[in-house]
There are 2 protein chains.
Amino acid sequence: MRAVIMHAPGDVRVEQIPDASIVEPTDAVIRPAAVCVCGSDLWPYRGIEPLHGPTAMGHEYVGVVEQVGDAVREIEVGDFVVGSFVASDNTCDICRAGYQSRCVHQVMMGSVGTQSELVRVPHADGTLVRTPGMPEPDLIPSLLAASDVLGTGWFAAVAAEAGPGKTVAVVGDGAVGLLGVLAARELGAERIIAMSRHADRQALARELGATDIVEERGAAGVERIKELTDGLGAHSTIEAVGTQEAMEQAIGATRPGGHVGFVGVSHDVQLDGLGLFFSSVHLHGGPAPVRRFLPDLIDRIWRREIDPGKVFDLTVPIERAAEAYAAMDERRAVKAMLTL
Amino acid sequence: MRAVIMHAPGDVRVEQIPDASIVEPTDAVIRPAAVCVCGSDLWPYRGIEPLHGPTAMGHEYVGVVEQVGDAVREIEVGDFVVGSFVASDNTCDICRAGYQSRCVHQVMMGSVGTQSELVRVPHADGTLVRTPGMPEPDLIPSLLAASDVLGTGWFAAVAAEAGPGKTVAVVGDGAVGLLGVLAARELGAERIIAMSRHADRQALARELGATDIVEERGAAGVERIKELTDGLGAHSTIEAVGTQEAMEQAIGATRPGGHVGFVGVSHDVQLDGLGLFFSSVHLHGGPAPVRRFLPDLIDRIWRREIDPGKVFDLTVPIERAAEAYAAMDERRAVKAMLTL
């Protein structure tokens, strides 16, 4: 099968590798309807995360089940399914508490690779959620977004306790931040402040529900959020970047007693204990338990209430994966879809 | 009036200073029934926090109102009152959200000093809570504990979401940690693991509600908590120390999706962003909004349901304040009360 392989920072190729197949009896193999490139795929692309040899890339996927292992009970060949970027049994105590991304038997799909013609999905019964039927083609991008960026933005909004009467600030204008805006709107937030200095992303943020745009960053960005909130700060802040500046901005922009939902994978971030202590915020985040939200998200997409697929602004055949990575790296694209 | 003055690390004296008096029309002056030394008074005593010249010490207080300013409406001369270590107006948006310790008009009582014969309390109407009448003398220690250590331990337990069905770990066996044990018990926790290696404090922890004791610290302490919780970690962890080791221990001992309530004033603590990200815990803490809990805590004490005054294991006249500081510094006393 064809698969996207990263050989070194900036070196992405499409190569033939052996077909994905059942390894554990709880596995399924699916044929993706489309795959995509994630902001987190850019960390190794930029040399910020180490690569240990040629690596099959990708962790997002939707598609049709081709094979199931002997122990799979719920999922059947021919089902159209959406899964999270973390495979989980959905039965352990951690899963049942809603933290399937930290399942005691978790498998990171990034360690399997999904940017390929076939994908092996561990813990198929726990991981995969069936759609009500075969989706119309125009729903594919939105369902694919549910696999990670929508689910992650949604978790960030839930972790930030976005809701009625709340002012929500969103740090980060990538796909996750933009879908955090959408999630905050769906959860009923009164005011949603998107922090962005790119006109096209500002426009998309407004389309997805942002009521205000703040272009300033760092301390100036924090001051601007405070000006907009009677000097107090936002009730809820979504952090969707993963840098020191973004975390400090998110914590600084939040009022005492408020909530920060952080989902940017923290790179070289050190939080000062005393600063956090006197911020009096709630801090919660980490790898999003997308599986918790998938049934609800699929339902909203199926009923065409939300259109998270809007974050895909570049679509290329998988052979041109290198172009997709470069476009996202250079911020010419918010998020790129690869067709098969 | 006599007051405890710290001149330098380790140098605590009782001196005559001018009587406390009304400065702002919203002030009250109270005559404390007793005062006490806090674990946080030990930071400057040990030279870890800087002193800027001779400093009037203390921030905990209960007693009888002697004078009120012209703008005070609710509190009257002769009332017996309890207040928090942060004076607050109790009317701003932050106060009304339950974060009176971060009131937009907050005054830290530590900047006023309370280890003295009279105490000026700013924002008297917002800060002070009346008891149902003049307390029996044996209730004074418990009411005094409510002013900070009980309220702080209670907040930590609430921030950690201690409650029915939960396993709660408590890092720190000082007065706040011990009263965190009591709070977790009162909030209905199923299992309470106190981390302590001192026999007398272990005994007190058990008396206050601990079901298990863990003597190990650091990584070994984390491993022991995991052994006691099916490898998952505690649902709720109270951090009541404020050091790097204690914070790492608290986060490490908590299961994904669990809650850490941290109330130890963080000193030289740096939290690794990636570690926090993959811990998937909720982190909340800071200066406890004791005012939020005072009516409930006074009620529980008044009905003799709880006896937090047990943490006072040394009582000396205020003239001997230096002895009280030394005893706490050397961990010969959990908490010292000063009589007037």
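In β5(B), Gly63(B) is the bridge partner of Pro32(B). That pair belongs to a predicted model in which six bridges join β3(B) to strand β5 (residues 62-68) of chain B. Chain A and chain B touch each other, with 29 residues from chain A and 29 residues from chain B in the contact. The points below start with strand β3 of chain B, then take up the two-chain contact, a sheet in chain A, and several helices.

**Strand β3 of chain B and its partners**

- Strand β3 of chain B spans residues 28-36.
- Is this strand mostly covered or mostly open? It is mostly covered, as eight of its nine residues are buried.
- β3(B) and β5(B) run antiparallel.
- Strand β9 (residues 119-121) of chain B also pairs with β3(B), in the antiparallel sense and over three bridges. Here Ala28(B) stands opposite Val121(B).
- Strand β19 (residues 335-339) of chain B is another antiparallel partner of β3(B), joined over two bridges. In this pairing Val35(B) faces Leu338(B), which stands opposite in β19(B).

**How the two chains meet**

- A turn of 180° and a shift of 0.0 Å along the axis lay chain A on chain B, with an RMSD of 0.0 Å. This is the relation of a two-fold axis.
- The same surface serves both copies. Of the contact residues of chain A, 100% recur in chain B.
- Which elements of chain A give two or more residues to the side that touches chain B? They are α2 (93-96), β15 (254-262), β16 (270-272), α10 (273-279) and β17 (282-285).
- α10(A) gives the most to that side, with six residues.
- By class, the side of chain A that touches chain B holds 14 nonpolar, eleven polar and four charged residues.
- Strand pairing crosses between the chains: three bridges join β17(A) to strand β17 (residues 282-285) of chain B. These two strands run antiparallel.
- Within this pairing, His282(A) stands opposite His284(B).

**A three-strand sheet in chain A**

- Chain A has an open sheet of three strands, in the order β2-β1-β4 and with antiparallel pairing.
- Which strands lie at the edges? They are β2 (11-16) and β4 (55-56) of chain A, each of which pairs on one side only.
- Six bridges link strand β1 (residues 2-8) of chain A to β2(A) in the antiparallel sense.
- One residue pair can be picked out here: Ile5(A) has Arg13(A) in β2(A) as its bridge partner.
- Helix α12 (residues 321-329) of chain A lies across β1 and β2 of chain A. This helix runs at about 155° to β2(A).

**Helix α7 of chain A**

- Helix α7 of chain A covers residues 199-208, and its buried residues are Arg201(A), Leu204(A), Ala205(A) and Leu208(A).
- Why do they lie on the same side of α7(A)? They cover an arc of only 105° around the axis, so they share that side.
- The buried residues of α7(A) pack against α6 (175-186), β12 (191-195) and β13 (212-214) of chain A.
- Gly209(A) comes just after α7(A) and takes a positive phi of about 135°.

**Helix α8 of chain B**

- In helix α8 (residues 218-227) of chain B, the buried residues are Gly221(B), Val222(B) and Ile225(B).
- Seen down the axis of α8(B), these residues fall within an arc of 100°, so they line one face of the helix.
- On the other side of α8(B), the exposed residues are Ala219(B), Ala220(B) and Glu227(B).
- The cover over the buried residues of α8(B) includes β11 (167-171), β12 (191-195), β13 (212-214), β14 (234-239) and α9 (244-252) of chain B.

**Leu294 of chain B**

- Where does Leu294(B) lie? Its place is in helix α11 (residues 290-302) of chain B.
- Leu294(B) counts as buried because it has 24 C-beta neighbours inside 10 Å, and the cut-off for a buried residue is 20 or more.
- Leaving aside neighbours within four places in sequence, Leu294(B) is in contact with Val82(B), Ser84(B), Val129(B), Ala146(B) and Gly151(B).
- Leu294(B) and Ile318(B) are 24 residues apart in sequence. In space, C-alpha to C-alpha, Leu294(B) and Ile318(B) are 26 Å apart.

Notes:
Residues are numbered from 1 along each chain as its sequence is written. Chains are lettered from A and ligands numbered from 1 in the order in which they are written. This is a predicted model: local features need pLDDT of at least 70, side-chain atom pairs count only at pLDDT 80 or more; totals for chains, interfaces and linings use all residues. Two residues are in contact if their C-beta atoms, placed from the backbone, lie within 7 Å. Helices (H or I, at least four residues) and strands (E, at least two) are DSSP runs, numbered from the N terminus. Ala, Val, Leu, Ile, Met, Phe, Trp, Tyr, Cys and Pro count as nonpolar, Asp, Glu, Lys and Arg as charged, and the others, Gly among them, as polar. Two strands pair if DSSP finds at least two bridges between them. A residue is buried if 20 or more other C-beta atoms lie within 10 Å of its own, exposed if 12 or fewer, and partly exposed in between; C-beta atoms are placed from the backbone. Axes are lines fitted to C-alpha atoms, for helices over the stretch in contact, and angles run from 0 to 180 degrees between N-to-C directions. The arc is that of the directions from the helix axis to the C-beta atoms. Copies are superposed by least squares on the C-alpha atoms of residues with pLDDT of at least 70 in both.
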